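Trainee: Could you walk me through one part of this structure in detail? I'd like to take a close look at the sheet and what sits around it.

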Amino acid sequence: MQIATRSEELPIVQPDTHVVPSVAPGWCSVRGFERMSLSDWPGHTVFVLFIGGCNLRCPTCHNADLAWRHTTLPRIRQSAVHELVAKRKRWYDGIVVSGGEPTSYADLPLLLRDLKSTGLPVKVDTNGMRPDMVEILFHANLADAFFVDVKGPFEKYPQLTGNGVTADQAEANISRVFKLARTAPERFQFRTTMVPLLTDDDIATVRRLLPEGFTLTTQQYREPARRTHAKTDQET
Ligand code: SF4
């Protein structure tokens with residue numbers, strides 16, 4: 001992912017340390033965007049928005065600034081995004097909302113309602129650890145698709161997420177998402193990033209966890225460009 005950094009490209013409001021009365025509802029935590037992506041929603045050409053903040057602390061995280069220090073990043077202005085999307089709308093098949101962890105942002109429903117006003121379908125990326133928010137978005141039809149990261153077997157969640165959740169919490173949360181997915185399989189996809197801590201047996205375990213009829217997409221893990229804060233036990 002990219003976070004816009006060049007001042008001429010940034011629809012900046014101003015840093016988070018100031019009161020910004022002009023920020024549109026739902027746009028407070030929007031901290032990055034990508035004008036066009038062919039890989040974030042297979043088969044779709046999409047505009048991507050990145051939401052700051054995350055409820056986990058994965059030591060393999062690629063987006064540490066966005067996940068844990070997002071208030072240091074500039075906000076992205078609503079009007080600028082709408083202008084960009086309107087200008088190229090005929091090229092887009094959808095909008096992807098990624099992060100960070102979008103579902104940890106309380107005003108996500110407001111943002112998605114705004115994005116849906118473009119007429120484009122919206123996909124949300126999530127780690128599945130806020131099933132309450134996934135349920136809200138699902139039932140309100142605020143997201144057309146959910147791509148859910150299943151980090152690994154439940155017993156490895158504490159290690160995989162920097163103790164962000166226990167194994168029991170991970171199982172309870174993902175099970176709620178699975179239950180929802182069974183009711184509308186066309187709206188859910190599940191994927192696992194093959195981080196160094198995971199073995200082939202772990203991937204096989206995750207495949208068996210999925211509800212019947214779903215296939216697991218695996219993604220190769222790439223070492224983050226900048227990471228000095230943490231490593232998994234297997235890497236040290
Ligand atoms: S869930 Fe994603 S964004 Fe959050 S810490 Fe883990 S890898 Fe980073």
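Which residue in S6 does Phe 147 stand opposite?

Mentor: Phe 147 stands opposite Gln 189 in S6. Before going on, keep in mind that this is a predicted model. That pair belongs to the contact between strand S5 (residues 145-149) and S6, which pair in the parallel sense over 4 bridges.

Let's follow the sheet from there towards S7. Strand S6 (residues 188-194) pairs with S7, again in the parallel sense, over 5 bridges. Two of the facing residues are easy to pick out: Thr 192 has Thr 218 in S7 as its bridge partner, and Met 194 stands opposite Gln 220 in S7. How many of the 5 residues of S7 are buried? The number is 0, so S7 lies largely in the open.

Now zoom out to the whole sheet. It is an open one, built from 7 strands in the order S1-S2-S3-S4-S5-S6-S7, with mixed pairing. The edges are taken by strand S1 (30-37) and strand S7 (216-220); each has a single partner strand, so one side of each is left without a neighbour in the sheet. On average, neighbouring strands here are turned by 25 degrees against each other, direction ignored.

At the S1 edge, the pairing sense is antiparallel: S1 and strand S2 (residues 46-51) are joined over 5 bridges. Phe 33 stands opposite Leu 49 in S2. Helix H3 (residues 108-116) packs on the sheet as well, touching S1, strand S3 (94-99) and strand S4 (122-126). The direction of H3 makes about 150 degrees with that of S4.

Leu 49 is a good residue to stay with. Leaving out residues up to four places away in sequence, Leu 49 touches Val 30, Phe 33, Val 81, Ile 95 and Val 97. Leu 49 is also one of the residues that touch the most other members of the largest nonpolar core, which has 53 residues; the others in that group are Val 48, Ile 95, Val 97, Leu 112, Val 122 and Ala 143. The largest share of this core, 6 residues, comes from S2.

For the setting, the protein chain comes to 7 helices and 7 strands, and from the N terminus on the elements run β-β-α-α-β-α-β-α-β-α-α-β-α-β. Of the 236 residues in the protein chain, 37% are buried. If you keep contacts with a separation of 6 or more, 72% of them come from residues 24 or more positions apart.

Away from the strands, have a look at the ligand too. Cys 54, Leu 56, Arg 57, Cys 58, Cys 61, Asn 63, Ala 67, Gly 99, Gly 100, Glu 101 and Asn 127 are the residues around the ligand. By class, that shell has 5 nonpolar, 4 polar and 2 charged residues.

One of those residues, Arg 57, gives us a link to Pro 158: the two are 101 residues apart in sequence and 9.6 Å apart in space, C-alpha to C-alpha. Pro 158 has its place in helix H5 (residues 157-160). With 15 other C-beta atoms within 10 Å, Pro 158 is partly exposed. Setting aside neighbours within four places in sequence, Pro 158 is in contact with Asn 163, Thr 166 and Ala 167.

Technical notes:
Residues are numbered from 1 along each chain as its sequence is written. This is a predicted model: local features need pLDDT of at least 70, side-chain atom pairs count only at pLDDT 80 or more; totals for chains, interfaces and linings use all residues. A residue is near a molecule or strand if its C-beta atom, placed from the backbone, lies within 6 Å of it. Ala, Val, Leu, Ile, Met, Phe, Trp, Tyr, Cys and Pro count as nonpolar, Asp, Glu, Lys and Arg as charged, and the others, Gly among them, as polar. Two strands pair if DSSP finds at least two bridges between them. Axes are lines fitted to C-alpha atoms, for helices over the stretch in contact, and angles run from 0 to 180 degrees between N-to-C directions. Two residues are in contact if their C-beta atoms, placed from the backbone, lie within 7 Å. A residue is buried if 20 or more other C-beta atoms lie within 10 Å of its own, exposed if 12 or fewer, and partly exposed in between; C-beta atoms are placed from the backbone. A nonpolar core is a set of buried Ala, Val, Leu, Ile, Met, Phe, Trp, Tyr and Cys residues joined through C-beta atoms within 7 Å.
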